[in-house]
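Got a minute to walk through a chain together? Here's the sequence with its structure, and then we can talk it over.

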Amino acid sequence: MAAAAAAAAQGVSATQREEPVRDDAAVETAEEAKEPAEADITELCRDMFSKMAAYLTGELTATSEDYKLLENMNKLTSLKYLEMKDIAINISRNLKDLNQKYAGLQPYLDQISVIEEQVAALEQAAYKLDAYSKKLEAKYKKLEKR
């Protein structure tokens, strides 16, 4: 590339210079850059600035839309949290009601426990009485056989 630039600087075009033969079909030849006319530069600058303005407008619009989306998401999230807060308050209220009802039932539950213990003791006494009566019956049969 440096040789091509030096040759172009000396007034020799790059196509006239001898290049080594290559097998690549994709090798391009360099052409001398020509400056466009003054009117073309002005038009190109205007075109560039209008395209740059359109690009920046698009970028700013996209950013603005992103912020609007985030705002909507934040509003929806806030509403969802308010709903969750109401649900939590209702659950808390219901839990307090259940605790009060349980406290009201506690004396009856205690009575049931006492009755259950008494029934268990009565059952044990019944088993003992049954065993004793079987012994008595066995003794009676034994005495009757004599």
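Q: Before we get to any patches, over what relative accessible area can a residue join one?
A: This is a predicted model, so we're reading computed values throughout. Patches take residues that have no salt bridge, and nonpolar side chains are joined within 5 Å. The relative accessible area has to be over 30%.

Q: Which residues form the nonpolar patch on the surface?
A: Together they have about 530 Å² of accessible area. The members are Tyr102, Leu105, Tyr108, Leu109 and Ile112.

Q: Is Leu109 buried, partly exposed or exposed?
A: Leu109 has its place in helix H2, which covers residues 38-145. Buried would take under 20% relative accessible area and exposed over 50%. Leu109 comes in at 34%, so the label is partly exposed.

Q: How many helices and strands does the chain have?
A: One helix has already come up: H2, residues 38-145, where Leu109 sits. The full tally for the chain is two helices and zero strands.

Q: What share of the residues counts as buried?
A: The accessible surface of the chain comes to about 14,000 Å², with 60% of that belonging to carbon and sulfur atoms. To count as buried, a residue needs under 20% relative accessible area. Of the 146 residues, the buried share is 2%.

Q: Which residues gather in the patch of positive charge?
A: Lys and Arg are what count as positive here. The patch lies on the surface. Its residues are Lys135, Lys139, Lys142 and Arg146.

Q: Is Lys135 buried or exposed?
A: Lys135 lies in helix H2. The cut-off for exposed is over 50% relative accessible area. Lys135 has 58% relative accessibility, so it counts as exposed.

Q: How many salt bridges does a search of the whole structure find?
A: Side chains of opposite charge can pair when their charged atoms come close. For a salt bridge, that's a side-chain nitrogen of Lys or Arg within 4 Å of a carboxyl oxygen of Asp or Glu. The search finds six.

Q: What is the N to O distance between Lys68 and Glu65?
A: Lys68 and Glu65 both lie in helix H2, three residues apart, about one turn of the helix. Lys68 is partly exposed at 44% relative accessible area, and Glu65 is also partly exposed, at 44%. Their side chains meet in a salt bridge, N to O, at 3.8 Å.

Q: With which residue does Glu71 form a salt bridge?
A: Glu71 is partly exposed, with a relative accessible area of 42%. The partner is four residues away in helix H2, about one turn. The closest N and O atoms are 3.6 Å apart, and the partner is Lys75.

Q: How far apart are the closest N and O atoms of Glu137 and Lys141?
A: Glu137 and Lys141 both lie in helix H2, four residues apart, about one turn of the helix. Glu137 is partly exposed at 45%, and Lys141 is partly exposed at 45% too. The two form a salt bridge, with those closest atoms at 3.5 Å.

Notes
Residues are numbered from 1 along each chain as its sequence is written. This is a predicted model: local features need pLDDT of at least 70, side-chain atom pairs count only at pLDDT 80 or more; totals for chains, interfaces and linings use all residues. Side-chain values use heavy atoms; hydrogens and water are left out. Patches are made of residues with over 30% relative accessible area and no salt bridge: like charges are joined within 9 Å, nonpolar side chains (Val, Leu, Ile, Met, Phe, Trp, Tyr) within 5 Å. Accessible areas come from the Shrake-Rupley method with a 1.4 Å probe; for residues, only the protein chains shown count as cover. Buried means under 20% relative accessible area, exposed over 50%, partly exposed in between (1.4 Å probe, protein chains only). The place of a charge is taken as NZ of Lys, CZ of Arg, CG of Asp or CD of Glu.
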